[in-house]
Amino acid sequence: MAAAARPSLTSISSGELRSLWTCDCELALLPLSQLLRLQPGAFQMRGDQLAVLGPGEPAAARGGFNVFCDGQVRLDGHLYGLSSYIKRYVELTNYCDYKNYRETILSKPMLFFVNVRSKKDTWREKTYAFLVNTRHPKIRRQIEQGMDLVISSVIGESYRLQFDFQEEVKNFFPPGNEVLNPEALSFAYEFKADALFDFFYWFGLSNSTVKVSGKVLNLSSTSPEKKETIKLFLEKMSEPLIRRSSFSDRKFSVTSRGSTEDVFNCNLSPRASLTEPLLAELPFPSLPEAEETPSQCG
């Protein structure tokens with residue numbers, strides 16, 4: 001029953017996938033090696049490092065992905081460091097940090113690395129890229145509501161909020177497959193308020209977890225035609241969006257633009273040209289003076 005619920009490219013024709021709105025994709029899985037080949041403008045292997053390309057790179061594509069990890073990824077038995085990523089756990093101490101973090105994680109599709117071992121393939125390990133489409137209203141709503149609800153329940157107090165995708169990924173794979181690093185399918189932030197008596201936080205009562213749910217699309221394929229379709233699909237999903245203002249924060253390995261009031265609304269028809277990129281570089285590049293808007297954070 002679970003296997004029948006997993007969308008597969010064997011049941012999705014190339015034409016259907018080509019015309020599929022990116023906002024119809026909530027979550028997606030494909031082999032990491034395939035993603036790297038299909039998105040050379042977003043990722044490049046350089047020795048023992050996986051470079052996450054940003055605007056400063058000559059070959060960088062506009063748009064890209066927000067990579068969540070602990071700084072390393074294991075692929076084909078080798079361990080690679082990453083040039084740019086968002087830590088899966090961060091600490092925030094003021095509203096400006098919080099606002100920047102919120103805008104950052106919603107500015108691009110999220111990417112997590114997950115290693116799976118299959119009994120059918122003599123327990124061979126394979127690395128997958130797990131994509132979270134932050135443009136999809138259902139996914140975006142779960143993340144935004146999770147952040148809003150915890151704030152309304154712990155006004156003026158410290159708290160910790162985690163977003164977890166483990167259940168959806170584990171249910172995607174049929175029996176006989178084992179997810180080796182389920183902890184890599186989550187991210188969290190901790191807001192530390194300057195409260196004199198923070199009893200709920202001290203005793204761990206203000207820790208919350210949002211288990212994000214959604215349909216997982218299988219983007220694995222060996223067909224050259226379907227691979228090209230998937231390539232275009234991923235580029236459409238990750239192309240940058242027009243933002244209304246600019247905020248910078250150097251704590252999260254990225255720079256984001258816009259306000260939390262911006263909503264994607266599935267208005268994702270193909271565009272003739274791509275808009276201005278959202279920066280994702282280490283170290284932070286400074287924004288051109290003409291583009292930068294004074295921060296409203298105190």
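This is a tutorial dialogue on reading strands, salt bridges and cores in a predicted model.

User: Which order do the strands take in the open sheet that contains β8 and β14, and what is the pairing?

Analyst: The order is β8-β13-β11-β14, an open sheet of 4 strands with mixed pairing. Strands β8 (89–92) and β14 (207–211) stand at the edges with a single partner strand each, so one side of each has no neighbour in the sheet. On average, neighbouring strands in this sheet are turned by 15 degrees against each other, direction ignored.

User: How many bridges join β8 to β13?

Analyst: There are 4 bridges between β8 and β13 (residues 186–191), and the two strands run parallel. To find the register on screen, start from Glu91, which stands opposite Glu190 in β13.

User: Which strands does helix α3 touch where it packs on the sheet?

Analyst: Helix α3 (residues 95–106) touches β8, β11 (159–164) and β13. The direction of α3 makes about 165 degrees with that of β13.

User: What is the strand order in the open sheet that contains β2 and β5?

Analyst: That sheet has 4 strands in the order β2-β3-β6-β5, and its pairing is mixed. Its edge strands, β2 (43–46) and β5 (72–75), each pair on one side only. Here the average turn between neighbouring strands is 30 degrees, direction ignored.

User: Which way do β3 and β6 run, and how many bridges join them?

Analyst: Strands β3 (residues 49–52) and β6 (residues 78–82) run parallel and are joined by 2 bridges. Gln49 stands opposite Gly81 in β6.

User: Turning to charges, why can side chains of opposite charge pair?

Analyst: Side chains of opposite charge can pair when their charged atoms come close. In this model, with a cut-off of 4 Å between side-chain nitrogen and carboxyl oxygen, the count comes to 9 salt bridges. One of them joins the side chains of Arg74 and Glu125, at 2.7 Å from N to O. This pair links distant parts of the chain: Arg74 is in strand β5 and Glu125 in strand β10 (residues 124–132), 51 residues apart.

User: Are Arg74 and Glu125 buried or exposed?

Analyst: Neither term fits, because the relative accessible area of Arg74 is 35%, which counts as partly exposed. Glu125 is also partly exposed, at 32% relative accessibility.

User: What else is Glu125 in contact with, leaving aside its neighbours within four places in sequence?

Analyst: Its contacts, with those neighbours set aside, are Arg74, Asn115, Val116, Arg117 and Leu180. The side chain of Glu125 makes a polar contact of 2.9 Å with the side chain of Asn115, and a polar contact of 2.7 Å joins it to the side chain of Arg74. Leu180 is 55 residues from Glu125 in sequence, while their C-alpha atoms are 8.7 Å apart in space.

User: Which residue meets Arg117 in a salt bridge?

Analyst: The partner is Glu178, and the side chains meet at 3.2 Å, N to O. This pair too links distant parts of the chain, with Arg117 in strand β9 (residues 110–118) and Glu178 in strand β12 (residues 177–179), 61 residues apart. Arg117 has a relative accessible area of 29% and is partly exposed. Glu178 is partly exposed as well, with 34%.

User: What separates Arg140 and Glu144 in helix α4?

Analyst: They are 4 residues apart in helix α4 (residues 137–153), so about one helical turn separates them. Their side chains meet in a salt bridge of 3.4 Å, N to O. Both Arg140 and Glu144 are buried; the cut-off for that term is under 20% relative accessible area.

User: Which residues touch the most other members in the largest nonpolar core?

Analyst: They are Phe165 and Tyr189, in a core of 37 residues. Apart from its neighbours within four places in sequence, Tyr189 is in contact with residues including Val90, Leu92, Tyr98, Tyr101, Met147 and Val150. Tyr159, Arg160, Leu161 and Phe163 are also among its contacts. A second, separate core has 29 residues, among them Leu35, Phe43, Val52 and Phe65.

Notes: Residues numbered from 1 in each chain as written. Predicted model: local features only at pLDDT ≥ 70, side-chain atom pairs only at ≥ 80, totals over all residues. Heavy atoms only, no water. Pairing = 2+ DSSP bridges. Axes fitted to C-alpha atoms, helices over the stretch in contact; angles between N-to-C directions. Contact = heavy atoms within 4.5 Å. Buried < 20%, exposed > 50% of the residue type's maximum accessible area, 1.4 Å probe, protein only. Core = buried A, V, L, I, M, F, W, Y, C linked by side-chain atoms within 4.5 Å. Polar contact = N/O pair within 3.5 Å; in protein donor to acceptor, adjacent residues only side chain to side chain.
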